[in-house]
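Trainee: Could we go through how some helix packings get their labels?
Mentor: Yes, with the structure in view.

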Amino acid sequence: MTASPPATTPDVATPDPAQRQPAPRTTHQVVNQPPERVDVNEYLDFPVLREAVHAFGGDWGEERLVEAGAHVGTAAFQHAAERANIHEPVLHTHDRRGRRLDEVEYDPAYHEVLAAAVERGAHTGAWAEPGPGANVVRGAVFSLFSQVEPGHACPVSMTHAAVPSLRHAPELAAVWEPRLLSSGYDGTPAAPGDKPGVLVGMAMTEKQGGSDVRANTTAAVPVGSDGTSLLTGHKWFCSAPMSDAFLVLAQAGGEDAGPPGSPTCFLVPRVLEDGTRNAFRIQRLKDKLGNRSNASAEVELDGTVGYLVGEPGRGVRTIIEMVSRTRLDCVHGSAAGMRQGVAEALWHADHRSAFGAHLVDQPAMTAVLADLALESEAATLTSMRLAAAYDAETDAERAFRRLATAVSKFWVCQRGPHHAFEAMECLGGNGYTEAFPLARRYREQPVMAIWEGSGNVIALDVLRAMAREPESVEAFRAELGTTAGAHPALDAHVARTQRLLTELAGSDDGAQQAQARRVVESLAVALQASLMVRHAPSGSAEAFVAARLGEDRGAGYGVLPAGTDCRAVLARHRRR
């Protein structure tokens, strides 16, 4: 068989091996992505907050607020906030030898954040330096830290709020209050007298009662004439279980216990004065939607030492101001979350281009950003006005804050989750990832609406305040009266609200409860609009009133009246 001849090949030169490689191409050149928003001053970059602080008597705190704003804006602090949420708390019930530990291990970053906040008085600065504007400055510091890392704000807030409750037990307060007012922090479990400062938490709710603390079954048995009792029971929610002490409600025993269903307040240390660990059994940590850096636990009390705070059987009365102040911090925290949303969305829109223009210059996006900014501005003014009401110890201001705190807590905290979603959407796909802070904020905002009373609880509390403390309604009316005649749409809304209140007063209990949310919303928006008219530039105030109270108002964000100067609105949310 004859072999086939070899195939012929073209007469060409063999190419150089280097020339056979494909031309180099760039496969991962990052363009059109905003730079990192780090090393900014969160106070100076937010003129709305700065102006509100000055308007409500906190101008003397300017230097410390500038320093705090710079600190929370650093890349290092932002990284610590991220780590504290990525590396979540871990419960250790026992050591490896089988001894009870009941300790929660936090990432060191969480302690960094908490120590920085305590050092700057975010917890009890208003008590340590009382005077005009003290709660305004403290509230602003609290807000700056909460804007970047909200989880640590839980023990910070409870420590601030515990002071007035402790004062119902003067001898106890004489020992513990200086510890609370200290700016030192040590996160390890130790005798409270050996620490540079302490934090106080709460363990109020039980699985069968929730907000109905009068249904609590935890029992307290007196063991001494000095108010010491041993507590036995189970607490369904204990926030910040590594705090140094907790205010706890229990049904007291003894002759002076009060009628059934009248709980008593106790201070329960984690570690006793001699260094002995109190019986504070952490059963498990809650697996929460958000608020991940902060542990919340179920706790078993089994012969746990507690010290009487206030009168036996008057526990609810003892903690009532504590509840009011933690509700105020819910407003601060929600407003701070709105500020974070606006800051991050505006930064993205300023630096990101699409379809031939920067996002911030495209009218649809500009309208959404401006509307988010207006909501943030109204919430910030509300939070600072409330803080000022806690600085002025007059009958009128006490009456105003009684109603206004509950009204604002309901509305601002209810608005928070929707605001977070819209801000997150401005970042597109980036916003929906955990690499950016707005995903964390979206999961965080609902807790402020639930903590210290969910919507219905707050709305019913507003009805209770109006019925039992009519002076609070008059104080609220007087507040709205400061802008009477300034804007026709606001005047019309206030008139509708007054008619609603009159109708409510003539209704039976069931009808009142059914209308409770409507009443609270109407009061809240009236207060915000009044504050905007008083303190915001006329263009911003006009846009807010038209968007929230006008006949053609929209249900979502970005529905602003024609002719709104969105750029002027946004200018108040950048450093000038």
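What follows is a short talk about two helix pairs.

Mentor: This is a predicted model, in which local features need pLDDT of at least 70, side-chain atom pairs count only at pLDDT 80 or more, and totals for chains, interfaces and linings use all residues. Residues are numbered from 1 along each chain as its sequence is written, and side-chain values use heavy atoms, with hydrogens and water left out.

Trainee: Why are H1 and H10 called roughly parallel to each other?
Mentor: Helix H1 (residues 47–55) and helix H10 (363–391) pack at an angle of about 25°, with axes 10 Å apart. Angles under 35 degrees count as roughly parallel, so H1 and H10 are given that label.

Trainee: Which residues make the contact of H1 and H10?
Mentor: Val48, Leu49, Ala52 and Val53 of H1 meet Glu377, Thr380, Leu381 and Met384 of H10, where contact means heavy atoms within 4.5 Å.

Trainee: Which residues of H1 are buried?
Mentor: Pro47, Val48, Leu49, Ala52 and Val53 are; buried means under 20% relative accessible area, with a 1.4 Å probe and protein chains only. Their cover includes H10.

Trainee: What makes H3 oblique to H4?
Mentor: Helix H3 (residues 75–86) and helix H4 (residues 108–119) pack at about 125°, with axes 7 Å apart. That makes H3 oblique to H4, since oblique is what remains after under 35 degrees, over 145 and 65 to 115 are taken out.

Trainee: Is the crossing of H3 and H4 left-handed or right-handed?
Mentor: It is left-handed.

Notes
Axes are lines fitted to C-alpha atoms, for helices over the stretch in contact, and angles run from 0 to 180 degrees between N-to-C directions. Helices (H or I, at least four residues) and strands (E, at least two) are DSSP runs, numbered from the N terminus. A crossing is left-handed if the near helix is turned anticlockwise from the far one by less than a right angle, and right-handed if clockwise. Buried means under 20% relative accessible area, exposed over 50%, partly exposed in between (1.4 Å probe, protein chains only).
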